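Let's walk through this model together, one question at a time. We'll look at the empty space inside first, and then at how a pair of helices meet.

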Amino acid sequence: MQEIELSAGIIEYEDTGGNGPVLVLLHGLLMDGSVWRHVVRELHADYRCVVPTLPVGSHRQPMRADADLSVNGLAKLQAEFLEALDLREVTLIGNDLGIFQVTAGLYPERLARLVITSCEALENFPSGLPGHVLTFTARLPGGLNALAQPMRLRALRRLPIAYGWLAKRPIPPVVTDTWLHPILTQREIRRDLTKYLRASKKGDMLAGAELLRSFDRPSLVVWATDDRVMPLEYGRRLAEMLPHGQLVEIADSSTLIPLDQPVELARVIHQFIQSTL
């Protein structure tokens with residue numbers, strides 16, 4: 001794991017290196033870059049895969065106390081990450097957390113393409129039962145800690161309010177152990193996630209989608225047909241809003257397509273990039 005210091009704090013990331021086209025893969029809330037591990041395994045021979053750990057609950061190094069962790073603040077941080085590593089002609093790929101849509105709309109300079117996989121979009125923010133529960137508890141004093149601590153019991157992580165509806169098949173406990181350890185053990189990490197959740201507003205993803213109407217690069221929307229948290233209608237609408245958007249639907253998957261259908265997702269991404277080089 002490598003590190004880079006940005007305005008908000010230290011961001012950890014993985015970089016496969018190489019001279020191929022650059023892919024930057026962004027994860028969701030209370031996850032880290034390991035959600036992309038199977039997709040990276042399929043793609044790293046042909047592409048340079050850069051996978052940062054975003055400060056949304058599973059990061060191991062707290063951000064600065066005054067860091068802007070709002071939707072717009074995190075979008076700016078994502079753009080700063082690309083600039084700090086001097087990444088160019090990037091294919092930006094996101095899942096679950098919808099902030100990268102705002103990044104693409106406000107800071108497209110280093111982007112060549114956009115890949116949107118099942119994520120928060122339009123009116124679906126906070127998204128589904130997990131998003132609403134997290135956002136509500138974050139507004140209560142000590143609420144996030146009270147919600148998180150029972151998740152030390154691995155069986156509870158399969159509940160719909162946790163990771164249960166995000167993947168069709170159980171996520172290995174060793175993976176969710178890593179995802180949850182920072183929020184379970186570090187007050188500052190809970191502070192960072194609380195700050196993000198309290199700053200988020202209902203219209204943030206609607207505003208992000210409106211920005212995409214002027215995104216003039218090739219765009220691919222990949223959506224899970226069986227997603228109960230991020231319904232398919234939102235993916236179809238996003239694809240229609242993007243000037244150069246196309247939609248691919250993936251069956252037998254929920255939100256975490258990188259876990260449920262990594263080989264198919266990697267194939268679709270590869271085909272899209274090769275067709276737009």
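Q: How much space lies in the largest cavity?
A: In this predicted model, the count comes to 3 cavities of 30 Å³ or more. For the largest cavity, the space comes to about 360 Å³.

Q: Which helix gives the largest share of the lining of the largest cavity?
A: The lining has 27 residues, and Leu 29, Leu 30, Pro 130, Leu 134 and Ile 161 lie nearest the centre of the cavity. Two or more lining residues come from each of helix H4 (128–138), helix H5 (143–148), H6 and H7. The largest share, 4 residues, comes from H4.

Q: How do the residues of that lining divide into nonpolar, polar and charged?
A: Let's take the 27 lining residues by class. Charged residues number 2 and polar ones 4, while the nonpolar ones come to 21.

Q: What is the orientation of H6 to H7?
A: Helix H6 covers residues 173–185 and helix H7 residues 187–199, and their axes lie 5 Å apart. The angle at which they pack is about 100°. Angles of 65 to 115 degrees count as roughly perpendicular, so H6 to H7 is roughly perpendicular.

Q: How many residues of the contact of H6 with H7 are nonpolar?
A: From H6 come Pro 182, Ile 183, Leu 184 and Thr 185, and they meet Arg 187, Ile 189, Arg 190 and Leu 193 in H7. In this contact 2 residues are charged and 1 is polar, and the nonpolar count is 5.

Definitions and conventions:
Residues numbered from 1 in each chain as written. Predicted model: local features only at pLDDT ≥ 70, side-chain atom pairs only at ≥ 80, totals over all residues. Heavy atoms only, no water. Axes fitted to C-alpha atoms, helices over the stretch in contact; angles between N-to-C directions. Parallel < 35°, antiparallel > 145°, perpendicular 65-115°, else oblique. Contact = heavy atoms within 4.5 Å. Nonpolar A, V, L, I, M, F, W, Y, C, P; charged D, E, K, R; others polar. 1 Å grid on protein atoms, 1.4 Å probe; cavity = no way out; pocket = protein on both sides within 12 Å on 5 of 7 lines; lining within 4 Å. Points joined across faces, edges and corners; volume = space filled by probe spheres on them.
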